[in-house]
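Please look at the following model with me, and let us ask what lies behind the terms used to describe it.

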Amino acid sequence: QVQLVESGGGLVQPGGSLRLSCVVSGTLFSISDAGWYRQGPGKQRDLVATITTGGITNYVDSVKGRFTISRDNAKNTMYLQMNSLKPEDTAVYYCSTKYRVTYWGKGTLVTVSS
């Protein structure tokens, strides 16, 4: 059974940092493309960042220079380092992997507020 389990969310002040983790099991993570998505209050789920099996990364413009996606295939884990957080980054963050089939985690809530 495929499982993606996110962690690392929480409440942080504007300008602060958080590091999200996503542990993947039950699928071939090392040959899967991976990504982070987010869904803010009353909004649709949107792409935040992606990373290919070869380590090529892509970011939505609003997080470029602030967020960094990475992966550790030996640990079946992907990460999202988020710096200089803004209130508009408040959302539930989901990790996702794709190898023939797309899988999703259940999400972790990030709240940016003073």
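Q: What makes β1 and β3 paired strands?
A: This is a predicted model, in which local features need pLDDT of at least 70, side-chain atom pairs count only at pLDDT 80 or more, and totals for chains, interfaces and linings use all residues. Residues are numbered from 1 along each chain as its sequence is written, and side-chain values use heavy atoms, with hydrogens and water left out. Strands here are DSSP runs of E with at least two residues, numbered from the N terminus, and two of them pair if DSSP finds at least two bridges between them. β1 (residues 3–7) and β3 run antiparallel and are joined by 5 bridges, so they satisfy that definition. Within this pairing, E6 has C22 in β3 as its bridge partner.

Q: How do you know that β3 pairs with β8?
A: DSSP bridges between β3 and β8 number 6, in the antiparallel sense, and L20 has L80 in β8 as its bridge partner.

Q: Why is the largest set of 25 residues called a nonpolar core?
A: The term covers buried Ala, Val, Leu, Ile, Met, Phe, Trp, Tyr and Cys residues joined through side-chain atoms within 4.5 Å, where buried means under 20% relative accessible area with a 1.4 Å probe, protein chains only. The largest such core has 25 residues, and W36, L80, M82 and Y93 have the most contacts inside it. β3 (18–25) is among the strands that each supply at least two residues, and β3 gives the most, with 4 residues.

How values were computed:
Buried means under 20% relative accessible area, exposed over 50%, partly exposed in between (1.4 Å probe, protein chains only).
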